[in-house]
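Hi,

Here is the structure I promised to pass along. Have a look at it first, and then read on for what turned up.

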Amino acid sequence: MAYDKFEVLTSTAYPLPIENVDTDQIIPARFLKATERKGFGDNFFRDWRYDSEGNPIADFPLNDNKYAGSKILIGGKNFGSGSSREHAAWSVYDFGLRCVISSAFADIFKGNCLNVGVLPVQVSADFAQKLFDAIEADSKTEIKVDLPAQTVTLVATGESESFDINGYKKGNMLNGFDDIDYLQNMKEEVGTFAETRPF
Amino acid sequence: MSKTLFDKVWDSHVVRKIEDGPDVFFIDRHFIHEVTSPVAFVGLKQRDIGVMYPERTFATADHNTPTWNQHLPVADPLSANQLEALANNAAEYGISHWGLGHRNNGIVHIVGPENGITLPGATIVCGDSHTSTHGAFGAIAFGIGTSEVEMVLSTQCIMQPKPKKMRINVNGKLGFGVTPKDVALYIISKQTTSGATGYFVEYAGDVFEDMTMEGRMTVCNLSIEMGARGGMIAPDEKTFEYIKGRKHTPKGADWDKAMDYWKTLKTDDDAEFDVEFNYDAADIEPMITYGTNPGMGMGITKSIPKADDVEGGTSTYKKSLGYMKFDEGDDMIGKQVDYVFLGSCTNGRIEDFRAFCSIVEGRKKADNITAWLVPGSHKVVDQIKEEGLDKILEAAGFVLREPGCSACLAMNDDKVPAGKLAVSTSNRNFEGRQGPGSRTLLASPLVAAATAVEGVVTDPRTLIEVTA
């Protein structure tokens, strides 16, 4: 599944300052029954966005109009823990987000995001707090995520922090490529390697 | 150069190292199930690429299968659709498929080892985070996303940076009533739910050496719950004894050759880890969780910590206790429970049913408890019957269900209703994990059994006669 290229993104952001947000919250298991990749955005954070009768919970940030249309989500520490379901990353993308910022990500979720075109940006706990504070003071706070420069910046103040991403993955995101494309060109090398495996 | 067990297995599977990028990593064995594989097959078709080594992939249906009346058509059309997709995809690409009703069917992480697909020194992946289970055999095993499932199908490789290395040593002897599940929940409570993020763990020391293969699987299974990519234990005579003669295990000369290799699979004496932790077996008591992640666990006799005493954000902590309807300082023992779940890839093996029966034998299920006892596979069911455990359960008022993931993630009908409290031998106590609004206490099969007969959270040690 190809995705749109990612270069520089400037957007407001949804704040979700809760730690250890797990993938069962991002997309509950009962919504994993599709055999095609579609419709996952509707059930993104389903049980935090809607009450048991299906009514939207107005003050939950993802439902709050003052953040509507944001392309960035800022989560608390250890965002995306739990299951390996790629559906969680799909639901982020399908909801309309291209970037998640946190002071720490769970490994599998982070990898899944990179594979589907969502940029996980890991910042220091202090900088994450700075972003939360700025958004709390002004919901229209713009954040600029510059992938070529590997920086995330509070546009109003110019405060900035750099983030890590390996050169290979960065190239993929900039060009909209994925690992499957890369591996297709390695089949011969893999075939030779496989001959050496004892089982 | 000295190497850890993890280094030895990882390094021998690197097809290509990419500068400033991940390793192209070869996968020996690949498990697929109905929930995380369909979209990968759609991807193969869209890209018009095939499956490179169908004999290295094994399909089983488990995540959303019913655990009652499996001989009837699956009632939920969406679940039925996924099961059909799995069967069709397996047939189209020549992949072995153990669907509902097949003799080898069961939870993927239980049937893999049972059939000798899981081997020491192998690399094993599956679109399921509890793939770490297979590390019990000295394999590198971890969960992957659906894009990676597509990668493995099409080229038998994934692209992953090599994780850092952690060793966790637990030495000494476990007290009575303390099970492998308690060891794992204890470690996770110390590490927190994210403490091992970025690491691959090796478990070492007396406690793991003394442990059965079933126990080691329980421990490795839960590695992901502290954020680790996976966990592994060096293979030993117990490992070789377990795998010998199973369906897919090497035979004859191949076995001898494999054994020569497997005996080299241990961490060299002077090999180094990025980080190492030591725990004392004597400090571990039967564990129970009280919050909404597996790191929020404690000894069953303890009371819920005060928000000011825990690391991390107090608002997150209070939100969690609020969901659980618990207060800081509450005792867990004596809390009224509604549901008991024995099963899952964590505790759905024969040893878990033996442990459960050791408590309920001669006792009766409490009237307020709804109990779901779900064996991990048909082979586990067979063994339960062979050992007469089914009779013990029946006499105590319990009913055995059919194999599947069941109430662990509640994709089928086995859902704990909103607000109800469950003691569960599974692996996650996340909000709504066992059904929207459900509240989960993770614990061992012994704690689950003691709770099932008493109707309230119960320390199993109060029901065990000490014969020593």
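Let's begin with chain B, keeping in mind that this is a predicted model. The domain assignment splits chain B into domain 1, covering 5-275, and domain 2, covering 286-462. Their C-alpha centres are 24 Å apart. The two domains of chain B touch each other, with 40 residues of domain 1 and 41 residues of domain 2 taking part in the contact.

Which helices of chain B supply at least two residues each to the domain 1 side of that contact? They are H4 (108-114), H6 (180-191) and H8 (213-221). H6(B) gives the most, with six residues. If you sort that side of domain 1 by residue class, you get 13 nonpolar, 20 polar and seven charged residues.

Now for the contact between the chains. Here 53 residues of chain A meet 69 residues of chain B. On the chain A side, five stretches of helix each bring in at least two residues:

- H1 (23-26)
- H4 (107-116)
- H6 (167-175)
- H7 (179-184)
- H8 (187-195)

The largest share comes from H4(A), which puts in six residues. As for the chemistry of the chain A side, 20 residues are nonpolar, 16 are polar and 17 are charged.

So if you open the model on your screen, two places to look are H6(B), on the side of domain 1 that touches domain 2 of chain B, and H4(A), on the side of chain A that touches chain B.

Cheers

Notes:
Residues are numbered from 1 along each chain as its sequence is written. Chains are lettered from A and ligands numbered from 1 in the order in which they are written. This is a predicted model: local features need pLDDT of at least 70, side-chain atom pairs count only at pLDDT 80 or more; totals for chains, interfaces and linings use all residues. Two residues are in contact if their C-beta atoms, placed from the backbone, lie within 7 Å. Helices (H or I, at least four residues) and strands (E, at least two) are DSSP runs, numbered from the N terminus. Ala, Val, Leu, Ile, Met, Phe, Trp, Tyr, Cys and Pro count as nonpolar, Asp, Glu, Lys and Arg as charged, and the others, Gly among them, as polar. Domain bounds come from an automatic or database domain assignment.
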